[in-house]
Each structure stands twice: as C-alpha cells, then as structure tokens.
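Hello,

Here is the structure I promised to pass on. Please open it alongside this note.

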Amino acid sequence: MKPSAQSSSRTASSDAFWRLLAPPSFPGDAEKTRTAELLNWVVLVSTLLTVVQIVSAFVGDNVPTSAKAIALGWLCLLLLGLWKLRQGVVKPVAVGLVLLSFLVMTLVNVSLGTVRAPHTANYVYWVILVGMLFQRPGIVLATLASSLVILGLILAQNAGLLPPPNHSVGITQWINYTILFLLTSSLVYYGNRRAEIALARANEEIEKRKQTEIELNKLTQAVDQNPASIFITDLEGRIEYVNPRFTAVTGYTLDEVLGKNPRLLQSGQTPVAMYQDLWSHLQRGQEWRGELLNRKKDGTLHHESVVISAIKNLDGVPRHYLAVREDISERKQAEEALRLSEARHRLLADNARDVIWTMAPDGRITYVSPSIEQVRGL
C-alpha cells in the first residue's frame, strides 16, 4: 500500500473512532443535546475509570468479592447506557444513571462494612452530577439522599449490622481516591468548558443584538423621517403604527388612530370596487397599487398614491400590512389645470379663422386647425 493510501486509511479509522465516542446531536433541541453531551462525557469517563478500579480490585488483596461483583455489574450497566445513548435515548439514561449509581455506591459501602472507605466520598461526585443533570431540584434531592444514606450506614455500622470492616490500607485505596478525584475534576472541567462555550455564545449573541439594534434604529429613523405617509395594521386592518408624516398629512395622531380601521380616512367618493380589488390582492398575498381620494381630519379631501403589501414572518406567513401613501393632491391639481389649459387652447385653435399648425423637428406636421379646409381647401 502506498504511503498516501496508508495515511488516508489511518485518518478514516481515526475519524470513525472519534465518531463512535461523539454524543448524539438533536438539532432544534439544545437542552436535549446538552444533556446528551454531559451523559456521554460522564459515562465514558466512568467506564474508563471503572475498568481501572476493577483491575485494582482484583490485583489488591483486601477487596471483598461482593464489591468486585458489584463493580463488574456497574461496568455492564455503563456500557448498556452508552449503547442506549447512541440510540437517542437521553432522559431514561439520565434517570437510570442517577438511580443506579446511587444504588451501586450504597451497595459497595455496605459490602465494605464501613463508611470510612474511599467509596463513601463518591456521594460528593454524585451530588455534583445530579445537580448538573437536573439543576436545583437535583441538587436538593441528591444532597438529602446522600445525607440520609450516610446516616443510615453510620447507624448500621454502630449497630453491628454491616460485615466486619477491613481497616487495612494499600494501593487499592490510593487508586480509589485517585479515581474519585478524576471523576470530580472531569465534571468540573466539563462544567467550565460548557460555561466558556455559553459565555462565548452569549457574547456573540450580544454583538449580533447590538448590530440588529443599530440596523433597526436605521430603519426606524428611515420610517419616521420618510416623506411618505406610512402606517402598519394587523391582519384585521387595525392600525398599530403611523409615522410623523401621516400625522402631518391627515391631522390624526397615533393615539387617535391606534386600533382604528383606516376606513376613517375614506371620503366616500372612491368606488367600492377599488377597495374590493385592494383586499382581493392582499388576501392572495399580492401587493396592491392605486390612487385613493381620502379625507383629512379637518374634512379636506386629498388624493393619495397608495402601495399596500404584507409584512411576513420567517415562514412567509403574513402578520401585518404596510401602507405607504404619497399625497399627490398638488400633482392632481396641476394635471387638472394643464388639462383645462389644453382644452382652452384647443378650443381657440379649432375655432380660429387663421390656419394654425405645429410641426415636429423632422418637418412632419403634427397639428392643423380645422380652418385649413376653408382657407386652403385641404
């Protein structure tokens, strides 16, 4: 095999190994993903350290057979939990891990016959684990349960109900304490790492929010200072916002129109068919453009060029309507004045005795008065 092929094979094997150790992910459910990551971390570390503990127990000469059997059973349960976690079973694994680990610790302490054994300190690790999995309720319940079981073990030992303890110490006890330190430090490390990630995400979100606020402020100023009259309604047509230009044009303030229907602006002189066409477009999700003759607060009529469109959410569902209205009364007056002027001039030209004509730059005649027939016979 060529070196490059060997390297690719090793890389593929390494990737497969790390994928095997990686926790399951649940897109859209951050809390479940976080719990799965924590369980995966705890189970992997516990499995590794349980194997070390079992080896030390069989090597040592002062560990009861019952404690060895319990450790082997606990290893099997950890492997089962790891397998179920890979199948996406998170909550049952969390509950099972908490309950079974508490039971295993208690059985080990009973088998050793004394609460002075290193295994008793595992309850500290257990309280931290339960707190990380179930937050405040878990901390309260785990603390209470650990306190009660220690009290029970003390009473049982003083009453002679536990097997005779072996007070000799050796390498096994050192290994057990070291494992406890590693388990506890692994949880502290994981908690710190998650806190750092959460802090980084929070800072990122804060920065994004600042940028969003800046952009939103720009848009707000653009709407507030827009020379066009703007208002926003809900899907039922109730006004939710008007910009200052709306007040300047219509005379109505935001407080006066808030929750009202825009029909209060209607003059009664716009054809009903136009409003029917407007709503027909909006209900189909289309933009509507047209001209309306509306009435101001003081009763003055004014013409407006109107564009109405839907404001949609991220899923494309309309949530509000946006109306942008431009007062075109002066333009309408100018157009009417021009129309009347053209009509007067045409009337004069059409009835003049002299021939009146206009010509384009290329020499083409564009208009000749009717008098051409009398004067020229054409």
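Below is what I found, sheet first and then the cores. Keep in mind that this is a predicted model.

The sheet
Five strands make up an open sheet. Their order is 2-1-5-4-3, with antiparallel pairing. Strand 2 (239-242) and strand 3 (288-295) sit at the edges. Each has a single partner strand, so one side of each lacks a neighbour in the sheet. On average, neighbouring strands are turned by 30° against each other, direction ignored.

Look at strand 3 next. Eight bridges tie strand 3 to strand 4 (residues 301-312), and the two run antiparallel. One pair to find: tryptophan 288 has isoleucine 308 in strand 4 as its bridge partner. Helix 9 (residues 272-283) packs on this sheet. Helix 9 touches strand 3, strand 4 and strand 5 (318-327). The direction of helix 9 makes about 140° with that of strand 3.

The cores
The largest nonpolar core has 40 residues. Leu39 and Leu97 have the most contacts inside it. Helix 2 (30-59), helix 3 (65-86), helix 4 (91-112), helix 5 (122-158) and helix 6 (171-224) each supply at least two of its residues. Helix 5 gives the largest share, eleven residues.

What does leucine 97 contact, leaving aside its neighbours within four places in sequence? The partners are Leu39, Val42, Val43, Trp74, Leu78 and Leu129.

There is also a second, separate core of 16 residues. Among them are Leu278, Leu282, Val306 and Ala323.

Best wishes

Technical notes
Residues are numbered from 1 along each chain as its sequence is written. This is a predicted model: local features need pLDDT of at least 70, side-chain atom pairs count only at pLDDT 80 or more; totals for chains, interfaces and linings use all residues. Side-chain values use heavy atoms; hydrogens and water are left out. Two strands pair if DSSP finds at least two bridges between them. Helices (H or I, at least four residues) and strands (E, at least two) are DSSP runs, numbered from the N terminus. Axes are lines fitted to C-alpha atoms, for helices over the stretch in contact, and angles run from 0 to 180 degrees between N-to-C directions. Contact means heavy atoms within 4.5 Å. A nonpolar core is a set of buried Ala, Val, Leu, Ile, Met, Phe, Trp, Tyr and Cys residues joined through side-chain atoms within 4.5 Å. Buried means under 20% relative accessible area, exposed over 50%, partly exposed in between (1.4 Å probe, protein chains only).
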